[in-house]
Amino acid sequence: SGIGIDITDAALAESVQQGIARVERLLHDSVQSDFEFATRTSLHLVDAGGKRFRPLFTLLAAQFGDPQAEAVTKSAAVVEMIHLATLYHDDVMDEATMRRGATSANARWDNSIAILTGDFLFAQASALIADLGAEAVREMARTFELLVTGQMRETVGVGPDEDAVEFYLRVVFEKTGSLIATAGRFGAWFSGADQAIVESLERIGRLIGIGFQISDDIIDIASPADESGKTPGTDLREGVRTLPMLYALADPETEPRLRDLLSRALSDDAEVHEALELLRASNGLERTRATLDEYAADARKELASLPDTPAREALSVLVDYVVARTR
Ligand code: FPP
Ligand code: MG
Ligand code: MG
């Protein structure tokens with residue numbers, strides 16, 4: 001578990017490691033319930049070996065103030081719990097059978113249990129957010145709204161008068177960028193960092209978050225299950241138009257067969273396999289990687305405005321990681 005980014009500064013590495021350990025303890029404490037089954041179904045994903053990307057980002061953002069502050073740990077745990085809650089719900093909506101290399105909760109139990117476990121995590125996260133104060137509650141409510149509208153927008157799909165790429169980028173900001181932006185804002189804010197730094201880390205989170213989802217969408221097409229821990233082609237099966245598909249469709253050279261396949265939701269495994277092969281051969285992945293590089297470059301530009309510290313260096317390694325995980 002852990003994304004294993006290389007933090008060269010020993011003191012920073014130690015601080016982050018201790019911070020993650022505190023977050024882990026809080027995550028485990030927070031899912032304790034008199035109803036032992038709820039704890040068990042929650043631990044299913046808590047312990048599934050996630051990357052803890054969001055808490056790590058919160059902890060790095062907190063290095064511009066006091067990273068030991070109790071509210072920093074709480075906010076990092078909250079962000080991960082909200083993220084986990086959305087994954088339980090997302091796997092129901094996507095009918096996914098695999099998550100983090102293990103059986104998804106909806107497949108292991110059923111849709112009701114998966115949905116309720118997401119709700120349980122949301123309830124426990126809410127109790128922690130209350131300790132962070134009314135402004136944090138409002139901030140999280142706003143983020144929550146964006147997660148929901150992003151997911152709804154994706155479900156409904158692009159309208160006939162809308163630009164498909166713009167629509168995609170908006171969905172990606174809402175469903176993924178918004179929470180990572182809040183992860184950065186919370187870390188900096190609760191560490192007591194200056195307002196300008198808080199806002200900068202929110203912007204960096206937004207850019208990293210959009211990049212993170214773009215790389216996720218590349219992985220859905222490019223990576224085998226044993227590397228991603230998820231079933232490839234899930235977006236294709238669900239009829240979700242991700243950036244690699246949109247670019248492949250915009251290419252006049254694209255195989256008519258790929259166009260034909262992408263014009264409908266695929267259910268048949270053989271068709272999904274064929275579409276994946278054609279997508280991998282198109283220029284869609286290459287163009288998507290170029291877009292990902294643009295978001296990474298913007299994030300690095302924003303990073304340059306922060307004080308030159310080991311934390312800034314580690315954040316730039318985090319940006320490299322988001323790009324590198326697709327290659
Ligand atoms: C994963 O995308 C899904 C999200 C990032 C957002 C999910 C949001 C909700 C389910 C709505 C809000 C629900 C709650 C409890 C706040 P993906 O399906 O592209 O990623 P994947 O490949 O990891 O499945
Ligand atoms: Mg999904
Ligand atoms: Mg989804």
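The following paragraphs describe the fold of a predicted model, beginning with its overall form and ending with individual residues.

The protein comprises 16 helices and two strands. Its C-alpha atoms occupy a box of roughly 55 × 50 × 35 Å along the principal axes. The radius of gyration is 20 Å, which agrees with the value near 20 Å that a compact globule of 327 residues would have. Of the 327 residues, 44% count as buried. Contacts across the sequence are mostly long in range: among those between residues at least 6 apart, 75% join residues at least 24 apart.

The interior can be approached through its nonpolar part. The largest nonpolar core contains 85 residues, and L60, M81 and I208 are those with the most contacts inside it. Helix α4 gives the most to this core, contributing 13 residues. This helix has 24 residues and spans 35 Å from its first C-alpha to its last, close to the 34 Å expected at 1.5 Å a residue. Helix α4 is also mostly covered, since 21 of its 24 residues are buried under the criterion of 20 or more other C-beta atoms within 10 Å. M81, one of the core residues with the most contacts, is in contact with L27, S30, L121, Q124 and A125 when its neighbours within four places in sequence are left aside. After α4 comes E95, whose phi is positive, near 50°.

The surroundings of the ligand bring α4 into view again. Ligand 1 is surrounded by 17 residues, of which the closest are A85, T86, H89, D90 and Q151. Five elements give two or more residues to this shell: α4 (70-93), α6 (111-131), α7 (134-156), α8 (164-190) and α9 (195-222). By class, the shell has six nonpolar, five polar and six charged residues. Helix α4 thus appears both as a contributor to the shell around ligand 1 and as the element that gives the most to the largest nonpolar core.

Helix α8, another of the elements listed for the shell around ligand 1, contains F186. Is F186 buried or exposed? F186 has 32 other C-beta atoms within 10 Å and is therefore buried, the threshold being 20 or more. Beyond its neighbours within four places in sequence, F186 is in contact with T58, S75 and V79. F186 and E139 are 47 residues apart in sequence, and their C-alpha atoms are 9.4 Å apart in space.

The backbone also merits attention at two arginine residues. Most residues other than glycine have a negative phi. R52, however, has a positive phi near 55°, and it lies in the loop between α2 (36-46) and α3 (53-61). R52 has 20 other C-beta atoms within 10 Å and so counts as buried, because the limit is 20 or more. R100 likewise has a positive phi, of about 50°, although it is not a glycine. R100 is located in the loop between β1 (98-99) and β2 (102-103). With 18 other C-beta atoms within 10 Å, R100 is partly exposed, because this count falls between the limit of 12 or fewer for exposed residues and that of 20 or more for buried ones.

Three residues in later helices complete the account. L258 is found in helix α13 (residues 256-262) and counts as buried because it has 21 C-beta neighbours inside 10 Å. Apart from neighbours within four places in sequence, L258 is in contact with A248, A275, L278, L279 and S282. The C-alpha atoms of L258 and E274 are separated by 8.4 Å, although the two residues are 16 apart along the chain.

V272 lies in helix α14 (residues 269-281). V272 counts as partly exposed, with 18 C-beta neighbours inside 10 Å. Once neighbours within four places in sequence are set aside, V272 is in contact with G233, L236, R237 and L266. How far apart are the C-alpha atoms of V272 and D308, which are 36 residues apart along the chain? The separation is 47 Å.

D320, finally, is part of helix α16 (residues 310-324). D320 has 14 C-beta neighbours inside 10 Å and therefore counts as partly exposed. Between D320 and L292, 28 residues apart along the chain, the C-alpha separation is 11 Å.

Methods
Residues are numbered from 1 along each chain as its sequence is written. Chains are lettered from A and ligands numbered from 1 in the order in which they are written. This is a predicted model: local features need pLDDT of at least 70, side-chain atom pairs count only at pLDDT 80 or more; totals for chains, interfaces and linings use all residues. Helices (H or I, at least four residues) and strands (E, at least two) are DSSP runs, numbered from the N terminus. The radius of gyration is taken over C-alpha atoms; the globule rule is 2.2 Å times the number of residues to the power 0.38. Two residues are in contact if their C-beta atoms, placed from the backbone, lie within 7 Å. A residue is near a molecule or strand if its C-beta atom, placed from the backbone, lies within 6 Å of it. Ala, Val, Leu, Ile, Met, Phe, Trp, Tyr, Cys and Pro count as nonpolar, Asp, Glu, Lys and Arg as charged, and the others, Gly among them, as polar. The expected span of a helix is 1.5 Å times one less than its number of residues. A nonpolar core is a set of buried Ala, Val, Leu, Ile, Met, Phe, Trp, Tyr and Cys residues joined through C-beta atoms within 7 Å.
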